[in-house]
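Please open the structure in your viewer and keep the sequence panel at hand. The tour below proceeds by selections, each followed by what is to be found there.

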Amino acid sequence: MRPTTPSPSASTPSAASSSAALSPISALSPLDGRYAGRLGQLRPFMSELGYMHRRVQVEIAWFIALSDAGLAEFKPLSPGARTYLMGLVKNFSEADGQAIKDIEKVTNHDVKAVEYWIKSKFEARPELEKAAEFVHFACTSEDINNTSHALQLKGGRDAVLLPSLDAVITKLREMAHAFAAVPMLSRTHGQTASPTTVGKEIANVVVRLAAAREKIASVKLLGKMNGAVGNYNAHLSAWPEFDWEAFSRNVIEQPEPLGLGLTFQPYSIQIEPHDYMAELFDAIARTNTILIDLSRDIWGYVSLGYFKQRLKAGEIGSSTMPHKVNPIDFENAEGNLGLANALLRHLSEKLPISRWQRDLTDSTVLRNMGVALGYAVLAYHSMGVGLGKLEINEEALADDLDHAWEVLAEPIQTVMRRYGVSGAYEKLKEVTRGKAVTAEALHGLIRSLEIPESEKERLLAMTPGSYTGKAAELARRA
């Protein structure tokens, strides 16, 4: 018998439903579905609508600057025309974006669609209609695209990603100070080790994150507007004596709204080389790696009982085990940080590579910048929620320390070394290694040592909870 084509399952979405308007439960990406509500601030910058908006901004900035360049054929625009043009940028709407998409259906070229949309806005305005051919003048598409991408990243980084990260750092710093003097057993290699404090362990992360955050913030966002292969060929064909490089630099570096507020890239092929993007994405990925480390550590501390989690009415930890309060926020953060880093590292490895003067492999990849940043911002949100639920369990911390007197072998042998007691390390190793060590056993050893009585008294007064060195001081300084 010939195999038959299976009939559509009753559970398979129909063609009609699959083409229906996007909703949170029909979105392909969880960033626009399940988690859409958490990423509203990022969407105006990193969505396709945000990309179109930035393209319009670049085209208008270039057009107005050309009118002020002293070119005989393009006189300075009137104040009314300038206000109108700036309004196209300021008031850009979703309807405007859709109008551009409708034009693109005909042109099959997204940048040309932006140019045509702007020119359509000149209708019934003689001053602008007369100058319409100066829209997109001497520009290649990448002059508009690369500067638009930089503006997207500028907004996404400065208005959303960094503030989200700062909120995590601020919360961690508060915890580091609040728990600066709360002793905690360290667990190097998963084994009991010299005590620290909860605040000091959090402070370690605060300092790492603060340094990583500055790396993200310090990356210069570059832009170029130099034509099809980076040599101002078309520009000079029209006005050979004009200093197009200086003009381009001014448009790119002049602050918004008249300029773009970016850093000028003097050397490029058709595309800006994207090295700064790689630097930025690598900096974000390194920051995320620190947070993955933190997520796993806190997960472990919750497991040990060092932290409790505040209960939320109605929440369920397990469908079969009613007692469970899972560290889901830290698990969510870890998972989304991993997704972000997978994308960020692909972006940083792929984008600086372009065959000869230009290939299109970067174009589709760049459209996923918002996805990469979205997963990072989502993770920062989860991390903040998780940190806000934590309550320290000093009883569990103290109990753990009280069962780890072996950690005082370190200070005892160090004092023995100070006073020249031979074989100090070996003697303590014999008493403590792999054994259940009691306070009484250590105190008996201390009393037998040939060291000053004042030192014996100091060691006898020491407990695992008091042996924390400068941990509290260091925690408060973070």
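In this predicted model, begin by selecting Pro411, Ile412, Val415 and Arg418 in helix H17, together with Glu455, Arg458 and Leu459 in helix H20; these two sets of residues meet. By character, the residues of this contact comprise four nonpolar and three charged, with no polar residue among them.

Next, widen the selection to the complete helices, residues 409-418 for H17 and residues 453-461 for H20. Their axes lie 11 Å apart, and the packing angle is about 170 degrees. H17 is therefore roughly antiparallel to H20, since an angle over 145 degrees counts as such.

Now move to helix H6, residues 110-120. Is this helix enclosed by the rest of the structure or open? Eight of its 11 residues are buried, so H6 is largely enclosed by the rest of the structure. To display the buried positions, select Asp110, Val111, Ala113, Val114, Glu115, Trp117, Ile118 and Lys119. Then add the helices against which these buried residues pack: H3 (48-67), H4 (79-90), H5 (94-107) and H8 (141-178).

For the final stop, select strand E1, residues 183-186, and strand E2, residues 193-197. The two strands run antiparallel and are joined by three bridges. Centre the view on Met184, and Thr196 in E2 will be found opposite. E1 and E2 form a hairpin, with six residues between the strands. Within the turn, select His189, which has a positive phi of about 60 degrees.

Terms used. Residues are numbered from 1 along each chain as its sequence is written. This is a predicted model: local features need pLDDT of at least 70, side-chain atom pairs count only at pLDDT 80 or more; totals for chains, interfaces and linings use all residues. Side-chain values use heavy atoms; hydrogens and water are left out. Axes are lines fitted to C-alpha atoms, for helices over the stretch in contact, and angles run from 0 to 180 degrees between N-to-C directions. Helices (H or I, at least four residues) and strands (E, at least two) are DSSP runs, numbered from the N terminus. Angles under 35 degrees count as roughly parallel, over 145 as roughly antiparallel, 65 to 115 as roughly perpendicular and the rest as oblique. Contact means heavy atoms within 4.5 Å. Ala, Val, Leu, Ile, Met, Phe, Trp, Tyr, Cys and Pro count as nonpolar, Asp, Glu, Lys and Arg as charged, and the others, Gly among them, as polar. Buried means under 20% relative accessible area, exposed over 50%, partly exposed in between (1.4 Å probe, protein chains only). Two strands pair if DSSP finds at least two bridges between them.
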